[in-house]
Amino acid sequence: MDLKPNEISSSKMFEGYNKRYKHYSPVLGCSMTFSVYFPPSPSPSSKFPVLYWLSGLSCTDENFIAKSGAQRAASREGVALIAPDTSPRGLNVEGEADSWDFGVGAGFYLNATQEKWKNWRMYDYVVKELPKVLSENFEQLDTSRASISGHSMGGHGALTIYLKNLDKYKSVSAFAPVSNPINCPWGQKAFSNYLGDNKSDWEEYDATCLILKHNNVLARILIDQVNSQLLFQV
């Protein structure tokens, strides 16, 4: 079990590089992959701010990197793009792959409290473990200058993670986010299985509920609420 990330692919794009890595995650109890776009470096000592991208239901770390074209802007602005996977994989939990909107590929960026799904701790992975892995292994990344973004389920994750960690992120943006999951079928299915039946526990991962608790806080939030059916799933 190698905690240090190992490079498994690399491709040049807009004078920078898309790189994909694999490492063992003690938080999730399995091997995980994540992708990074490194923009071109003006000098060996340059350190780049980072933008975390959280993808939606059924995605992996590769969807955004392959489909978005965001590397053009990241190259121009000197920002590194960080794309984690959307759930633990390879744990062989009964029922983990029975549906596209729960289990594998559908971690909902929360910390599950139900025993069966105890490894589904994507909140801790994104907020704590992955930034530590990045800062300890990539000296060109400045994880103290971080923003977060995402689409659909990932937009939900970006909003809730930002609102619960205002000191860690400079801004948040969300595209067609699941912004009130406790009141939609996707969220109800996921939250009841991952968190149990206590609705107050659900509210801790609901952006609409959280924003009510932060109504006096100055925050940088951009939400683009379009029909997600018109978007490529990234």
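Contact here means heavy atoms within 4.5 Å. Everything below comes from a predicted model, where local features need pLDDT of at least 70, side-chain atom pairs count only at pLDDT 80 or more, and totals for chains, interfaces and linings use all residues. Residues are numbered from 1 along each chain as its sequence is written, and side-chain values use heavy atoms, with hydrogens and water left out.

**View A. Helix 5 and the helices it packs against.** Helices (H or I, at least four residues) and strands (E, at least two) are DSSP runs, numbered from the N terminus. Helix 5 covers residues 185–195, and its buried residues are Gly 187, Ala 190, Phe 191, Tyr 194 and Leu 195; buried means under 20% relative accessible area, exposed over 50%, and partly exposed in between (1.4 Å probe, protein chains only). Look down the helix axis and these buried residues fall within an arc of 95°, so they line one face of helix 5. (The arc is that of the directions from the helix axis to the C-beta atoms.) They pack against helix 4 (153–164) and helix 6 (199–203). Right after helix 5 comes Gly 196, with a positive phi near 90°.

**View B. The open sheet and two helices on it.** Eight strands line up in the order 1-2-3-5-4-6-7-8, with mixed pairing; two strands pair if DSSP finds at least two bridges between them. At the edges sit strand 1 (6–13) and strand 8 (221–224), each pairing on one side only. Neighbouring strands are turned by 20° against each other on average, direction ignored. Helix 3 (residues 122–137) packs on the sheet, touching strands including strand 2 (16–25) and strand 6 (141–151), and its direction makes about 60° with that of strand 3. Helix 4 lies across strand 4, strand 6, strand 7 (172–175) and strand 8, at about 135° to strand 6. For these angles, axes are lines fitted to C-alpha atoms (for helices, over the stretch in contact), and values run from 0 to 180 degrees between N-to-C directions.

**View C. Strand 2 and its two hairpins.** Eight of the ten residues of strand 2 are buried, so the rest of the structure largely encloses it. Strand 1 and strand 2 are antiparallel, with seven bridges, and their hairpin has two residues in between, with Phe 14 in the turn at a positive phi of about 50°. On to strand 3: nine bridges link it to strand 2, again antiparallel, and Arg 20 has Ser 35 as its bridge partner. This hairpin has four residues between its strands, and Gly 29 in the turn has a positive phi of about 75°.

**View D. Thr 33 in strand 3.** At 14% relative accessibility, Thr 33 counts as buried. Its side chain makes polar contacts with the side chains of Arg 20 (3.3 Å) and Asp 61 (2.8 Å). A polar contact is a pair of N or O atoms within 3.5 Å; within protein, one must be able to donate a hydrogen and the other to accept it, and residues adjacent in sequence count only if both atoms are side-chain atoms. Beyond four places in sequence, Thr 33 also has contacts including Ile 8, Tyr 21 and Pro 84.

**View E. The largest nonpolar core.** Of its 54 residues, Ile 148 and Tyr 194 touch the most other members. Such a core is a set of buried Ala, Val, Leu, Ile, Met, Phe, Trp, Tyr and Cys residues joined through side-chain atoms within 4.5 Å. Helix 3 gives the largest share, eight residues.
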